[in-house]
Amino acid sequence: AEALDRNVVKVVSNRNGAALYFSRALIPHSKSGEFNRETEYWRHLGLYAFQRSMLLAFPSLPSSHLQKSEDLEQLKLLEAGYNIQV
(Lines give C-alpha, C1' and ligand atoms only; values in the text may rest on other atoms or scores of the structure.)
Protein backbone atom coordinates (compact mmCIF):
# COMPACT_ATOMS: atom_id res chain seq x y z
CA ALA A 1 0.00 0.00 0.00
CA GLU A 2 1.09 3.56 -0.69
CA ALA A 3 0.86 4.35 3.04
CA LEU A 4 3.76 1.97 3.69
CA ASP A 5 6.04 3.64 1.11
CA ARG A 6 8.73 5.76 2.80
CA ASN A 7 8.97 7.92 -0.32
CA VAL A 8 5.36 9.00 0.24
CA VAL A 9 5.01 11.72 2.88
CA LYS A 10 2.04 11.27 5.20
CA VAL A 11 0.34 13.95 7.30
CA VAL A 12 -1.91 13.93 10.33
CA SER A 13 -3.96 17.03 11.09
CA ASN A 14 -6.34 18.36 13.70
CA ARG A 15 -10.07 18.97 13.20
CA ASN A 16 -9.36 22.46 11.88
CA GLY A 17 -7.04 21.20 9.15
CA ALA A 18 -3.78 22.29 10.78
CA ALA A 19 -0.94 19.83 10.34
CA LEU A 20 0.16 18.09 13.51
CA TYR A 21 2.99 16.12 11.92
CA PHE A 22 4.45 15.01 8.60
CA SER A 23 6.35 11.75 8.24
CA ARG A 24 7.79 9.29 5.80
CA ALA A 25 6.75 6.58 8.26
CA LEU A 26 3.26 5.17 8.61
CA ILE A 27 1.20 7.70 10.59
CA PRO A 28 -1.01 7.34 12.43
CA HIS A 29 0.76 4.22 13.62
CA SER A 30 -1.16 1.48 15.39
CA LYS A 31 -0.11 0.28 18.82
CA SER A 32 0.34 -3.22 17.39
CA GLY A 33 2.58 -1.88 14.63
CA GLU A 34 0.41 -3.47 11.97
CA PHE A 35 -1.02 -1.75 8.91
CA ASN A 36 -4.77 -1.25 9.34
CA ARG A 37 -6.76 -0.92 6.12
CA GLU A 38 -9.61 0.73 8.05
CA THR A 39 -7.41 3.63 9.18
CA GLU A 40 -7.37 6.73 7.01
CA TYR A 41 -3.85 7.63 5.92
CA TRP A 42 -3.40 11.01 4.26
CA ARG A 43 -0.75 11.54 1.60
CA HIS A 44 0.87 14.96 1.69
CA LEU A 45 1.29 16.76 -1.61
CA GLY A 46 3.68 19.66 -1.07
CA LEU A 47 2.00 22.70 -2.58
CA TYR A 48 2.65 25.76 -0.41
CA ALA A 49 1.53 29.39 -0.47
CA PHE A 50 3.52 31.78 1.71
CA GLN A 51 3.16 35.38 2.68
CA ARG A 52 6.19 37.48 1.77
CA SER A 53 7.15 37.85 5.44
CA MET A 54 7.38 34.07 5.83
CA LEU A 55 9.49 33.73 2.71
CA LEU A 56 11.92 36.23 4.16
CA ALA A 57 11.93 34.60 7.62
CA PHE A 58 12.16 30.94 6.53
CA PRO A 59 15.86 30.85 5.58
CA SER A 60 16.87 32.26 8.96
CA LEU A 61 14.95 29.65 10.97
CA PRO A 62 17.33 27.10 12.48
CA SER A 63 17.26 23.56 11.16
CA SER A 64 15.36 21.30 13.49
CA HIS A 65 15.92 17.81 14.85
CA LEU A 66 12.70 16.50 13.28
CA GLN A 67 13.46 18.15 9.94
CA LYS A 68 16.83 16.42 9.80
CA SER A 69 15.47 13.08 11.01
CA GLU A 70 12.61 12.90 8.48
CA ASP A 71 14.33 14.99 5.75
CA LEU A 72 11.19 17.17 5.53
CA GLU A 73 11.70 20.93 5.64
CA GLN A 74 8.09 21.68 6.61
CA LEU A 75 8.88 20.18 10.03
CA LYS A 76 11.21 23.14 10.61
CA LEU A 77 8.14 25.38 10.51
CA LEU A 78 6.10 23.17 12.85
CA GLU A 79 8.93 22.97 15.38
CA ALA A 80 9.33 26.75 15.26
CA GLY A 81 5.64 27.08 16.19
CA TYR A 82 4.19 28.00 12.80
CA ASN A 83 0.86 26.65 11.58
CA ILE A 84 0.53 24.76 8.28
CA GLN A 85 -2.98 24.29 6.95
CA VAL A 86 -3.54 21.14 4.93
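Visitor: Which residue in the E1 and E2 hairpin turn has a positive phi?
Guide: Gly 17, with a phi of about 85 degrees. The hairpin has 5 residues between E1 and E2. Keep in mind that this is a predicted model.

Visitor: How many bridges join E1 to E2?
Guide: There are 4, and the two strands run antiparallel. One pair to look at is Lys 10, which stands opposite Ser 23 in E2.

Visitor: And how many join E1 to E3?
Guide: E1, residues 10-13, is joined to E3 by 2 bridges, again antiparallel. Val 11 stands opposite Trp 42 in E3.

Visitor: What's the strand order in the sheet?
Guide: E2-E1-E3. The sheet is open, has 3 strands and pairs antiparallel.

Visitor: Which strands stand at the edges?
Guide: E2 and E3, the latter covering 42-43. Each has a single partner strand, so one side of each has no neighbour in the sheet.

Visitor: Zooming out, how do the elements run from the N terminus?
Guide: β-β-β-α-α-α. That comes to 3 helices and 3 strands.

Visitor: What does the C-alpha trace span along its principal axes?
Guide: About 40 × 25 × 20 Å. The chain has 86 residues, and 31% of them are buried.

Visitor: What about the accessible surface, how much of that belongs to carbon and sulfur?
Guide: 49%, out of a surface of about 6400 Å² for the chain.

Visitor: How many positive and negative side chains are there?
Guide: 10 positive and 9 negative. The centres of the two sets lie 5 Å apart.

Visitor: On to the core. Which residues are in the largest nonpolar one?
Guide: It has 12 residues. From the earlier part of the chain, take Val 9, Val 11, Ala 19 and Phe 22. Then come Met 54, Phe 58, Leu 61, Leu 72, Leu 75, Leu 77, Leu 78 and Ile 84.

Visitor: Which elements supply at least two residues of this core?
Guide: Strand E2, 19-23, and helix H3, 74-79. The largest share, 3 residues, comes from H3.

Visitor: Why would such side chains sit together?
Guide: As a general tendency, nonpolar side chains in soluble globular proteins are buried together.

Visitor: What does Met 54 contact, leaving aside neighbours within four places in sequence?
Guide: Leu 77 and Tyr 82. Leu 77 is one of the core residues, as is Met 54.

Visitor: Where's Phe 50?
Guide: In the loop between E3 and helix H1, which covers 52-57. Leaving aside neighbours within four places, Phe 50 is in contact with Leu 55 and Leu 77.

Visitor: Is Phe 50 buried, exposed or partly exposed?
Guide: Partly exposed, because its relative accessibility is 35%, and that class lies between the 20% and 50% cut-offs.

Visitor: How far apart are Phe 50 and Ser 63?
Guide: 19 Å in space, C-alpha to C-alpha. In sequence they are 13 residues apart.

Visitor: Switching to Gln 67. Buried or exposed?
Guide: Buried, at 15% relative accessibility; the cut-off for buried is under 20%. Gln 67 is in helix H2, residues 65-70.

Visitor: What does Gln 67 touch, not counting residues up to four places away?
Guide: Leu 72, Glu 73, Leu 75, Lys 76 and Glu 79. Among them, Leu 72 and Leu 75 are also listed in the core.

Visitor: Last one. Of contacts between residues at least 6 apart, what share join residues at least 24 apart?
Guide: 43% in this chain.

Terms used:
Residues are numbered from 1 along each chain as its sequence is written. This is a predicted model: local features need pLDDT of at least 70, side-chain atom pairs count only at pLDDT 80 or more; totals for chains, interfaces and linings use all residues. Side-chain values use heavy atoms; hydrogens and water are left out. A nonpolar core is a set of buried Ala, Val, Leu, Ile, Met, Phe, Trp, Tyr and Cys residues joined through side-chain atoms within 4.5 Å. Buried means under 20% relative accessible area, exposed over 50%, partly exposed in between (1.4 Å probe, protein chains only). Contact means heavy atoms within 4.5 Å. Two strands pair if DSSP finds at least two bridges between them. Accessible areas come from the Shrake-Rupley method with a 1.4 Å probe; for residues, only the protein chains shown count as cover. Lys and Arg count as positive and Asp and Glu as negative; His and the chain ends are not counted. The place of a charge is taken as NZ of Lys, CZ of Arg, CG of Asp or CD of Glu.
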